[in-house]
Amino acid sequence: MSRHETVDEQVLEVVGTLAAEGWPAVEVHWKRGRSRTLRYDPHHQVSCLRREEGWAVRAGDERRSFFFAASGPPRPDAPWPAADGGGLRLPPAQPVPSWTLPADVDEPILGENEAVALVRGIERALDTELPGARLLGAELEDGSSESQLGSSRGVRARFRQRSAHLHLEAIGPDGPVAGSVALETVARAARRFHPVALARRLADRLAVALRGSSPPRDRGELLLAPAVTCQLLAALGPLWIGPEAEARTAALGDQGGRIAGGAVTVIDDGRMAGGILESPVDGEGVPTRPVRLVEAGRLRQPLLAWWQSPEELHRASGCSLRPGWRDLPRPGPTHLYLEPDGDAAVTDLLAGVARGYYLLDVEGRPDVALERDRFALPVCGFRIERGRAAGALSGARLTGAVSAFLHGIVAVARDLTFQPLSGGMIGAPSVLVRGLELRRRN
Amino acid sequence: MPFTDLDAPGIARALAQIVERPEDVADVFLERREELELPPEDAAPGVRLRREEGLAVRLTRGRKTWLASTDRLVAKDFQDALRRVARAQPRLGYPLKQLQPSPWPEPPAAEEVLSFPAAVRRALRRRQARFRCRLVVRRHRRWLQVIGPRLASPVEREAFYSVVAETPWTRHGVLLTRLDDEAADGVARRLVRAYHCRDATPPEPWRGPCVLGPSAAAVLLHEAVAHALEADTLAAGGHPEAAVGVALGAAGLDVVDDPTSAPDAVRRTVDDEGMPALRRHLLRGGVVEQPLCDAVWARSSEVLAAGAGRRSDRHRPPAPRSTHLELAPGELAREELLAGAGGGLYLPVAERGHLDPLSGRFVLRFPYGRRIRNQTAGEPVGPAAMHGRVAELLQAITGIGSEARLAGAGWCAKGGMTLPVWATVPALRLEGVEVR
């Protein structure tokens with residue numbers, strides 16, 4: 001048992017104990033969280049209130065190391081496993097730029113009645129938007145967490161986070177036989193979810209699924225909604241994440257060395273104001289910062305954790321993800337997004353489409369083969385003629401070369417939207433693309 | 001056993017205070033779990049040990065369930081969880097003598113885990129195979145006990161291993177109840193098979209006969225029978241009782257879920273709600289007999305029987321899921337199954353399957369296979385997917401192998417829960433199925 005009462009002291013006590021046992025590299029991570037989950041379907045309503053708390057140690061020297069994690073508060077007398085495997089290195093303490101805790105982190109999590117009211121509000125709005133449509137299921141989670149880190153290299157960090165996640169599944173007026181559509185969305189707190197806006201998105205998807213069809217093959221200008229672009233951006237992660245990214249993108253470059261159209265700027269920013277993962281440091285206590293990975297179509301640098309760029313530490317950023325106390329940190333996107341154009345409204349881009357498609361959402365996962373420069377993504381949306389919807393599209397596959405997609409992005413809008421993908425948050429605005437093809441799915 | 005010294009009668013008395021109606025379902029779920037992980041040899045940190053314990057209090061009344069869970073096994077957290085589930089401050093406290101589990105033992109010796117990668121390498125060498133392979137080996141142990149207002153179930157214990165092997169051309173995951181030379185040889189055999197098929201081209205879209213090896217057959221039955229017959233899945237299309245008596249599969253198809261006959265290390269006498277585990281005929285002669293059901297669904301039915309409630313952990317409410325599927329063996333030897341499927345595909349392994357509960361559409365994906373020629377598995381084919389509706393696929397079964405094997409065990413992910421599932425099944429022959 002620990003002699004100390006505060007977690008701060010308990011964390012440092014464990015660091016000190018293991019350092020005294022001769023381990024030069026020791027890091028202790030503690031996390032506590034609280035969340036409410038409401039699961040709702042026509043038969044049953046389940047309300048869960050979770051209190052989670054746990055801690056983890058990484059310790060080792062140059063030749064061997066171990067990891068130990070346990071529920072409850074940190075304690076210095078835990079039964080450490082025998083060290084094995086590779087040596088362990090930990091990041092040095094670095095100055096953290098000033099940081100103000102966002103006010104909404106302290107907002108209380110949703111009560112049960114509020115959660116039920118939110119879901120029922122979506123259900124009512126859905127029936128208004130598309131009479132006869134109804135929710136088949138909903139899962140709403142609203143939670144907050146606090147974490148602390150201490151290490152033998154002087155890292156001392158505390159951070160808090162707040163997030164809400166909503167999954168909805170709905171069926172149309174024809175009932176379950178016609179299939180269902182699903183929607184996932186996140187916000188910093190569940191009170192940010194807008195029932196009417198969510199119901200409209202579901203109704204659009206249902207209307208498209210019910211009435212849509214796909215041409216065998218077609219081309220044209222394609223306006224990709226954020227939900228579609230986010231999926232592609234996430235699937236193309238290996239192009240801008242990790243030390244191998246530069247080698248992977250080499251084959252995509254044009255004669256001028258651009259890997260994408262001039263409208264493409266990709267940024268990762270763990271400090272992004274208002275972001276779900278907004279934090280002054282990452283899961284290893286390394287300060288977060290905005291990094292421009294692709295700028296005006298040129299790869300500037302890949303997203304690197306501190307240990308992936310030991311000779312050029314200035315290139316690295318705080319991008320170690322550590323979702324829970326059981327997890328080891330691993331590099332990945334924090335808020336990785338395609339930079340929007342603040343002047344371009346989606347309606348402006350849509351109005352400029354003479355003949356093409358507005359792809360609203362995905363109907364499955366992307367299939368990306370970077371080595372063959374190909375991708376395919378099941379999509380749905382609308383056929384567009386002279387800037388107006390001319391029919392619903394469903395059962396189609398957006399396909400083409402990865403390089404054609406990146407070079408074919410000719411304009412981006414301002415409606416930046418994030419989705420939880422690849423373990424982080426991936427964001428994109430609507431984009432106008434040329435050079436891709438739609439094919440009917442079998 | 002970690003919970004033997006607990007004040008179970010005190011917990012039951014405290015729980016009884018929040019039960020107001022005879023049909024209320026209330027329980028306390030106590031859980032302790034441990035995972036020991038050996039990563040690939042060049043990875044840091046080396047050995048990884050995760051230990052956790054906690055509890056959940058649940059109350060179901062009418063169409064509502066409340067669950068409060070915590071990561072601390074202490075009286076104060078239990079009382080707090082009770083209050084939150086009851087949604088009221090009690091007039092009296094919930095006195096408890098003891099809610100302190102036995103201390104964790106010293107870190108377990110794990111020689112079988114530490115030596116397994118070398119055993120796989122030896123098995124690969126015996127097969128004249130030499131390629132880079134990164135192995136992650138984990139030992140999973142879990143203890144749990146469910147205490148109701150009147151009864152406390154016995155403490156149940158599960159222990160098994162998971163192995164993930166990655167090569168440049170495949171990622172192979174498997175659950176095992178033992179880590180020995182035979183298990184290492186099984187992992188090596190699959191990796192070598194995948195190596196030989198690594199450059200094979202996928203089969204052209206086609207409809208015809210297929211023979212599924214026991215491992216692939218287990219995935220088919222898990223997706224097309226077990227998931228399709230879970231009470232919560234059935235409820236998406238109507239009342240689960242309505243499925244009873246429906247002819248879903250070929251006439252000779254007897255599919256059972258029986259946690260009591262699972263391998264020793266994962267055998268269960270009660271489910272994760274403390275209800276006695278049943279030998280449950282999901283299909284008898286191809287006809288639905290008893291869908292998978294938990295206490296909440298069983299409460300509203302005279303036909304459905306509880307005993308299949310499973311929880312991935314204390315933080316999630318139980319849901320009806322299978323544990324250990326069995327398919328009664330037929331009479332056909334492997335050669336006879338292949339003989340009746342000339343020109344078709346032999347598919348030994350399925351990597352994953354998906355069932356759309358609303359439409360009944362079903363996809364089963366295979367990483368590789370072989371074309372059946374002259375009653376044997378011939379030239380390799382690349383990745384393939386079998387498509388169809390559940391009833392069509394199950395009606396398409398025309399031959400059942402004579403040798404049932406523990407096979408196809410894996411992680412089942414549904415509704416946010418990830419659970420280990422087991423199966424003892426023979427090979428199957430299907431005719432007229434669509435592969436593309």
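Which helices and strands of chain B each supply at least two residues of the lining of the second largest pocket? Keep that in mind as you go through the views of this predicted model.

**View 1. The second largest pocket, seen through the pieces that line it.** Here's what to look for: in chain B, the elements that each give at least two lining residues are β6 (171-176), α4 (181-196), α5 (214-226), α8 (334-339) and β21 (405-406). The largest share comes from α4(B), with seven residues. The space inside comes to about 890 Å³. In total, 34 residues line this pocket, and Arg189(B), Arg190(B), Arg405(B), Leu406(B) and Ala407(B) are the ones nearest its centre. Sort the lining by class and you get 17 nonpolar, eight polar and nine charged residues.

**View 2. The largest cavity, closed in by residues of chain B.** The model holds four cavities of 30 Å³ or more, and the largest of them has a volume of about 60 Å³. Its lining includes Pro259(B), Arg268(B), Val270(B), Asp271(B), Asp272(B) and Ala277(B). Further along the chain, Gly307(B), Ala308(B), Gly309(B), Arg310(B) and Thr323(B) line this cavity too. What classes of residue make up the lining of the largest cavity? It's a mix: four nonpolar, three polar and four charged.

**View 3. Chain B as a whole, to put the close-ups in context.** Chain B has nine helices and 24 strands. Along the principal axes, its C-alpha atoms fill a box of roughly 75 × 55 × 30 Å. A compact globule of 436 residues would have a radius of gyration near 22 Å, so the 23 Å of chain B agrees with that. Of those 436 residues, 60% are buried. Now take the contacts in chain B between residues at least 6 apart in sequence: 71% of them join residues at least 24 apart. On the outside, chain B exposes about 17800 Å², and carbon and sulfur atoms supply 49% of that area.

**View 4. Ser102(B), a residue in a loop of chain B.** You'll find Ser102(B) between α2 (75-86) and α3 (111-126). Is Ser102(B) buried or exposed? Ser102(B) counts as buried because its relative accessibility is 18%, and the cut-off for buried is under 20%. Leaving aside residues up to four places away in sequence, Ser102(B) touches Met1(B), Pro2(B), Thr4(B), Asp5(B) and Arg32(B).

**View 5. A cis peptide bond between Ala44(B) and Pro45(B).** Check the backbone where these two residues join: omega is about -10°. Pro45(B) lies in the loop between β1 (25-38) and β2 (47-61) of chain B.

**View 6. Asn374(B), a loop residue with a positive phi.** The phi of Asn374(B) is about 50°, although this residue is not a glycine. Asn374(B) has its place in the loop between β17 (369-373) and β18 (376-381) of chain B. With 73% relative accessibility, Asn374(B) counts as exposed, since the cut-off for exposed is over 50%.

**View 7. Ser422(A), a loop residue with a positive phi in chain A.** Let's hop over to chain A, where Ser422(A) sits in the loop between β20 (417-421) and β21 (424-428). Ser422(A) isn't a glycine, yet its phi is positive, at about 55°. The relative accessible area of Ser422(A) is 39%, so this residue is partly exposed.

Methods. Residues numbered from 1 in each chain as written. Chains lettered and ligands numbered in written order. Predicted model: local features only at pLDDT ≥ 70, side-chain atom pairs only at ≥ 80, totals over all residues. Heavy atoms only, no water. 1 Å grid on protein atoms, 1.4 Å probe; cavity = no way out; pocket = protein on both sides within 12 Å on 5 of 7 lines; lining within 4 Å. Points joined across faces, edges and corners; volume = space filled by probe spheres on them. Nonpolar A, V, L, I, M, F, W, Y, C, P; charged D, E, K, R; others polar. Helix = DSSP H or I, 4+ residues; strand = E, 2+ residues; numbered from the N terminus. Rg over C-alpha atoms; globule rule 2.2 N^0.38 Å. Buried < 20%, exposed > 50% of the residue type's maximum accessible area, 1.4 Å probe, protein only. Contact = heavy atoms within 4.5 Å. Areas by Shrake-Rupley, 256 points an atom, 1.4 Å probe, with all protein chains shown as cover.
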